[in-house]
Amino acid sequence: MIFFFFLSLLIGCNDYTLEKNNVPGLVVYPDIVNFGHLLPGQESGIEAFVIINAGTDSLIITKPELTSNLKFSLDQNIEDEYTILEGETLEFHVYYNPITFEEEESTIVFSTNDVDKPSYELPVVGYGDAPIITVTPEI
């Protein structure tokens, strides 16, 4: 009896069909670009972020740009627009050069054709640490 019930479900449920919705799917990794602590004048940082198209259609993004803070910079020669195919990735680099003891923040922004995320903001943080100074008095 149970067998016929499941068989009727399998055979009788052909009123529905699955359709593939072609939509892009934006994923950004990591969700924050964090340079940690660097020594000003001695260290500079480079970090990467990756844009992933996890959707079923091409993802179009505009040129990533920093909103403020001249101590951060992006790759040179970034194009105005990119098309990322289904399952493909695109990597960008961010640079930080601390000048003094500081805590710096900025945001990378870009637009997409992903209806769920038409614009995206990626936080960027970095810290310039003061060098440790040892003083030995003369006697």
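F92 is buried, with a relative accessible area of 3%. That residue opens this set of exercises on a predicted model.

**Exercise 1. A buried ring and its partner**

Find which ring F92 pairs with, and work out what the pair ties together.

*Solution.* Start with the count: the model holds six aromatic pairs. In one of them F92 meets F49, with 5.4 Å from centre to centre and 25 degrees between the planes. Planes under 30 degrees apart count as stacked, and this pair is stacked. Next, place the two residues: F49 belongs to strand 3 and F92 to strand 8 (residues 89–96), so the pair ties together parts that are 43 residues apart in sequence. Finally, check the cover on the partner. F49 has 0% relative accessibility and counts as buried. For further practice with rings, look at F35, F72 and Y96, which ring pairs link into a cluster.

**Exercise 2. The sheet with strands 3 and 8**

Give the strand order of the antiparallel open sheet and name its edge strands.

*Solution.* Begin with the order, which is 1-3-8-6 for this open sheet of four strands, with antiparallel pairing. The edges are strand 1 (26–29) and strand 6 (72–74), each of which pairs on one side only. From one strand to the next, the twist averages 25 degrees. Now zoom in on one pairing: four bridges connect strand 1 with strand 3 (residues 45–53) in the antiparallel sense. Within this sheet, V27 has I52 of strand 3 opposite it.

**Exercise 3. The mixed sheet**

Trace the open sheet with mixed pairing from edge to edge, and say which neighbours are parallel and which antiparallel.

*Solution.* The order is 2-10-9-5, again four strands in an open sheet. Strand 2 (33–38) and strand 5 are at the edges with a single partner strand each, so one side of each has no neighbour in the sheet. Walk inward from strand 2: it runs parallel to strand 10, and four bridges join them. One contact point to look for is N34, whose bridge partner in strand 10 is V125. The next step, from strand 10 (residues 119–128) to strand 9, is antiparallel over 10 bridges. Here E102 has G128 of strand 10 as its bridge partner. The last step leads to strand 5 (residues 65–66), which is antiparallel to strand 9 and joined to it by two bridges. L66 stands opposite I108 of strand 9.

**Exercise 4. The two faces of strand 9**

Sort the side chains of strand 9 (residues 102–111) into buried and not buried.

*Solution.* Recall the general pattern first: side chains in a regular strand alternate between the two faces of the sheet. Then list one face: E102, E104, S106, I108 and F110 point that way and are buried. The other face takes E103, E105, T107, V109 and S111, which are not buried.

**Exercise 5. The whole chain and its confidence**

Summarise the chain, then decide which stretch should not be read in detail.

*Solution.* The chain has one helix and 10 strands, with the helix coming before the strands from the N terminus on. Of its 139 residues, 31% count as buried. Among contacts between residues at least 6 apart in sequence, 70% join residues at least 24 apart. For confidence, the mean pLDDT is 86, and 83% of the residues reach 70 or more. Over residues 3–7, however, the pLDDT is below 50, and this stretch has zero contacts beyond near neighbours in sequence. Where pLDDT is low, predicted coordinates should not be read in detail.

Terms used. Residues numbered from 1 in each chain as written. Predicted model: local features only at pLDDT ≥ 70, side-chain atom pairs only at ≥ 80, totals over all residues. Heavy atoms only, no water. Pairing = 2+ DSSP bridges. Axes fitted to C-alpha atoms, helices over the stretch in contact; angles between N-to-C directions. Buried < 20%, exposed > 50% of the residue type's maximum accessible area, 1.4 Å probe, protein only. Contact = heavy atoms within 4.5 Å. pLDDT = per-residue confidence, 0-100. Phe/Tyr/Trp six-rings, centres within 6.5 Å; stacked < 30°, edge-to-face > 60°.
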